[in-house]
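Student: I am new to this structure and should be grateful for a close look at one part of it. Please choose a pair of packed helices and set the pair within the whole.

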Amino acid sequence: MKMKSGFRRLDAMLGGGLPAGTNILLSGGPGTGKTLFSLKFLLEGLKAGEKCCYITLSENRDELLRAAENIESLKDIRNHLSRKLAIEHIELGENITMKRFNEVISSYPAIDRLVIDNINKLLIHTESKKSYRIHLAELLKHLKSISRCTLLICETSEDSIDTGNGEAFECDGVMQLSFLEFEEKPMRILQIHKLRYTSFEPKTPHELTISAKDLNLADTKII
Ligand SMILES: Nc1ncnc2c1ncn2[C@@H]1O[C@H](COP(=O)(O)OP(=O)(O)O)[C@@H](O)[C@H]1O
Ligand SMILES: [Mg+2]
C-alpha cells in the first residue's frame, strides 16, 4: 500500500508513493525545506480525507500556520484544523522527558499521517545517549501502531543524515534535503538514502524548488 507524498515526481520515482506502515526520517540543514515538505505531505492526506497530526517541538502553532500561509498551495491547511488535522505544540523540559513523550504518543488515537518536528529536541531532553537510543526504538514501535506513515524531522549539519544516534538505522526510510552549490547558484535537493519495501535510485539528487506558489520536485534529475 502506497501513500501519495504530495510530490507527483517523488511518487512516480517510488512506484506510487511512500510505503504505508513506515517511519521515515526527513533530515537536513536549516532552511532546506523540511517543515514545508512535511506540511505538503500532510495536506495531500487531508485532501483525501485522511486524519493527520503535526507534532511540533519547536515552532508554535501560529508560527507553523504562518509558514504555511506564505505558500499559496499550503494555505488550505488552516481549513482542515479542528476537522481532520491536529497541530500539537509540545514543549519538552523537566516535566516532559522523552519517556513521558512516548507515553503521550502511545495514548494517541489511530491516524493516517503524522509529522514530528523535530527529534533533535528529544535528544536534548534525554539524560543519556543510551537512554535516547532505547526510547527511540520504543517511540518508533509506538508510532507504527498509531500512524500509517510518520515523517520524523531531523536537523543535521554538513553531510550527516542523522544525529549519529542511530535514527537512520532505526527508521524504515531516510530522505535528505540539502543545498547543492551548482553553477554559482545554490539549489535545494532531495536524496533518498533508504526506503524499505521500495525500489528507487539511491542518493540521486532531485531539485526541490520553493516559491510563493508551491513546492515542487523537478522532473529532471541532476547528474
Ligand atoms: N514564499 C516563499 N518563496 C520562496 N521561498 C520561500 C517562501 N517561503 C519560504 N521559503 C523558503 O523556505 C525556507 C524555509 O523552509 P522550512 O521548511 O521552514 O525549512 P526547514 O524546516 O528545513 O528549516 C525559507 O528559508 C525560505 O528560503
Ligand atoms: Mg523547520
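Tutor: The following account treats one pair of helices, then the chain and its ligand. Please bear in mind throughout that this is a predicted model. Two packed helices are described by the distance between their axes and by the angle between those axes. The pair chosen here consists of helix 5, residues 98-106, and helix 7, residues 129-146, whose axes come within 9 Å and cross at roughly 10 degrees. Angles under 35 degrees count as roughly parallel, and helix 5 and helix 7 are therefore roughly parallel to each other. On the side of helix 5, the contact is made by M98, K99, N102, I105 and S106. Helix 7 meets these residues with Y132, H135, E138, L139, H142, L143 and I146. By character, the residues of this contact comprise 6 nonpolar, 4 polar and 2 charged.

The pair belongs to a chain with 8 helices and 11 strands. The radius of gyration of the chain is 16 Å, close to the 17 Å given by the globule rule for 223 residues, so the chain is as compact as a globular protein of that length. Its C-alpha trace spans about 50 × 40 × 35 Å along the principal axes, and 42% of the 223 residues count as buried. Of the contacts between residues at least 6 apart in sequence, 70% join residues at least 24 apart.

Another helix deserves mention for its place beside ligand 1. Helix 2, residues 34-47, gives the most to the shell around ligand 1, with 3 residues. Of the 14 residues around this ligand, those that come nearest are G31, K34, T35, L36 and A212. The shell divides into 6 nonpolar, 7 polar and 1 charged.

Terms used: Residues are numbered from 1 along each chain as its sequence is written. Chains are lettered from A and ligands numbered from 1 in the order in which they are written. This is a predicted model: local features need pLDDT of at least 70, side-chain atom pairs count only at pLDDT 80 or more; totals for chains, interfaces and linings use all residues. A residue is near a molecule or strand if its C-beta atom, placed from the backbone, lies within 6 Å of it. Helices (H or I, at least four residues) and strands (E, at least two) are DSSP runs, numbered from the N terminus. Ala, Val, Leu, Ile, Met, Phe, Trp, Tyr, Cys and Pro count as nonpolar, Asp, Glu, Lys and Arg as charged, and the others, Gly among them, as polar. Axes are lines fitted to C-alpha atoms, for helices over the stretch in contact, and angles run from 0 to 180 degrees between N-to-C directions. Angles under 35 degrees count as roughly parallel, over 145 as roughly antiparallel, 65 to 115 as roughly perpendicular and the rest as oblique. Two residues are in contact if their C-beta atoms, placed from the backbone, lie within 7 Å. The radius of gyration is taken over C-alpha atoms; the globule rule is 2.2 Å times the number of residues to the power 0.38. A residue is buried if 20 or more other C-beta atoms lie within 10 Å of its own, exposed if 12 or fewer, and partly exposed in between; C-beta atoms are placed from the backbone.
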